Every structure is written in structure tokens, then in C-alpha cells.
Amino acid sequence: MSNKDTYINTIKLQLDDLNSSMLQLEAKAKETRDDLREKYQEEMTKLQHQSTLAVAKLEEVRATTEGSWEAMVVEMEKVRDAFVHSFSYFKSQVK
């Protein structure tokens, strides 16, 4: 397995874990008070958008050639890190 394949598999697993956790958190957020539910739904919409961006960026990395994929690693990690940060913040808000 090449470095590119290893990297893609690692990022994919991280994104899959985040998306799974996000679904669990969404279910928990739906059980909150009515006044918080709308706020949480807005945050979930933002998280879903970030998830979509991260998956799209991963597909871009996957589509690059073996020799040029490393140039996209920084971009991929920025998108992933933004998703992780937003998820962590939202998770801290859901009680």
C-alpha cells in the first residue's frame, strides 16, 4: 500500500468516526428543550456542511496522481481540523 493510500484510508476512518459521532450527537440534540433545539439544528447544518467539504476534499486527494497528492495534504488537514474543531465545540454545547 502506498503512502497516498495509507493517508486516504486514515483520513477516511477519521471522517467516518466523526460522522458517526455526529449522528449520535444529533439524536441527543433532538431530545433537548425546544428553545435549544433550533440552535442545535443550525449548528448541525453547519457541521453537515463541513463534513461534505471534508469528503469532497478527500475525493480530490484520491483523484490526484501519486506524485502530486502530497501538495493537497495541508488543505485536507485544514478542512478536517475545522470539522473536528466545530464538532468538539458543538459537542461541548449539547447537554
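This passage walks through the fold of one chain and then takes a look at its last helix, H3. The model is predicted, so to speak on paper: local features need pLDDT of at least 70, side-chain atom pairs count only at pLDDT 80 or more, and totals for chains, interfaces and linings use all residues. Residues are numbered from 1 along each chain as its sequence is written, and side-chain values use heavy atoms, with hydrogens and water left out.

The chain has 3 helices and 0 strands, where helices (H or I, at least four residues) and strands (E, at least two) are DSSP runs numbered from the N terminus. Its C-alpha atoms fill a box of roughly 50 × 20 × 15 Å along the principal axes. Of the 95 residues, 33% count as buried, meaning under 20% relative accessible area, while exposed means over 50% and partly exposed lies in between (1.4 Å probe, protein chains only).

Now for H3, residues 73–93. The expected span of a helix is 1.5 Å times one less than its number of residues, so the 21 residues of H3 should span 30 Å, and the end C-alpha atoms are indeed 30 Å apart. Its buried residues are Val-73, Met-76, Arg-80, Phe-83, Phe-87 and Phe-90. Seen down the axis, these fall within an arc of 135° (taken from the directions from the helix axis to the C-beta atoms), so they line one face of H3. Helix H1 (3–30) and helix H2 (34–63) are among what covers them. Turned away from that buried side are the exposed residues Val-74, Lys-78 and His-85.

Notes:
Contact = heavy atoms within 4.5 Å.
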